[in-house]
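I opened this entry to look up a few whole-chain values, then one residue. My notes follow in the order I took them.

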Amino acid sequence: MPQFDYQQLCHFVLPEQGGLSVETILKRFLHLTPREIRHAKYIPDGIQKNGVSCRTNAVVQTGDTITFRYEQKCPHLSEDQVLPVSGDSAGVRILYEDSDLCVADKPSGMVCHASHGHYSDSLTHAAASLLKTPTAPSELRCIGRLDKDTSGLVLFAKNQLAAARLSRQRESGALKKEYLAMVHHPFSEETQKETIRLSMEQIPGDDPDSFDPSGKRITKMRICKEGNGLWATTHYEAVLQDPFWAVVCCRLETGRTHQIRLHMASIGHPLFGDPLYGVRDGGTRAALHAWKLHFLQPMTGEPIDLENIRTHMFD
């Protein structure tokens, strides 16, 4: 049977909040969903007013303290139960960690999730092994994964409540991620800073373009007509360039598969090293790095900003 630790959120009722129900306090000021509130009813002392269990329709008064408890699985792993970091996983770093989340620096060539042929060398596994409090890889929830070739910042939630809140931030745009990409050809003065808004769709599995030269089926996207596929919006700005290449900073409003790679190629600036949407230029991988991340700590609302610039970012 899984074991659980319990953490809690607290709210001190201000004068203008007196007369509201506990449920209103939980929703409006602790930003909890109806589902999260219902689940707390089945946790011992899940919802309390002044240290005593209460119903959600109870009325609060000025000075009351409302407490909400939530479960966090407690793995209680011994050292021999945490698989060691091996192979390419040694390149992973934990850049930020607290009780609810962590941010890892992913090297290129590593998958985010365990899959066939990639178990102990996935980013999730490596991050779980490197945390100050070791946890099972299955307990980490990736909030916005990166493609295997893309390097940079990856956010993980450590518990279900944090995952739900961070996912809502991602959907609302409160969670922001910026990328740096090295592309072919410089930009004109007029096109150095623009927004690309084009519809995308996956190439059907029976299309010849959905297979690589060896005959293996691959995921590949294409630009499609308005009304088909899904809209994708990319804001970009050229921050460095010479007569042959440019480095662009990209900010996404949507997180579609291969969005930056396809969008930049669609305007004549494919990424270096991109075998799907670019040209064969000798690069070993698509030159894309997630360098900046902004979000709110899911329990306290504190803004967290992280940056990660590497000396050899696109090697």
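How many Å apart are the mean positions of the positive and negative charges of the protein chain? I got 6 Å, with 35 positive and 38 negative charges in the count. I note here that the model is predicted.

**Whole chain**

I looked up the secondary structure next. The protein chain has 15 strands and 5 helices. I then took the box along the principal axes. The C-alpha atoms fill roughly 70 × 50 × 40 Å.

I checked burial. The chain has 315 residues, and 43% of them count as buried. For the surface, I noted about 16,700 Å² exposed by the protein chain. Carbon and sulfur atoms supply 51% of that area.

I also looked at contacts with a separation of 6 or more. Residues 24 or more positions apart account for 66% of these in the protein chain.

**Threonine 254**

Where does threonine 254 sit? I found it in the loop between strand 13 (245-252) and helix 5 (259-266).

I listed its contacts, leaving aside neighbours within four places in sequence. Threonine 254 is in contact with Trp231, Ala232, Thr233 and Gln259.

Two of these partners came up again when I looked at polar atoms. The side chain of threonine 254 makes a polar contact with the side chain of glutamine 259, at 3.0 Å. Glutamine 259 is also where the range of helix 5 (259-266) begins. On the other partner, I noted a backbone atom: the nitrogen of threonine 233 lies 3.0 Å from a polar atom of the threonine 254 side chain.

Note on methods:
Residues numbered from 1 in each chain as written. Predicted model: local features only at pLDDT ≥ 70, side-chain atom pairs only at ≥ 80, totals over all residues. Heavy atoms only, no water. Helix = DSSP H or I, 4+ residues; strand = E, 2+ residues; numbered from the N terminus. Buried < 20%, exposed > 50% of the residue type's maximum accessible area, 1.4 Å probe, protein only. Contact = heavy atoms within 4.5 Å. Areas by Shrake-Rupley, 256 points an atom, 1.4 Å probe, with all protein chains shown as cover. Lys, Arg positive; Asp, Glu negative; His and termini not counted. Charge placed at Lys NZ, Arg CZ, Asp CG, Glu CD. Polar contact = N/O pair within 3.5 Å; in protein donor to acceptor, adjacent residues only side chain to side chain.
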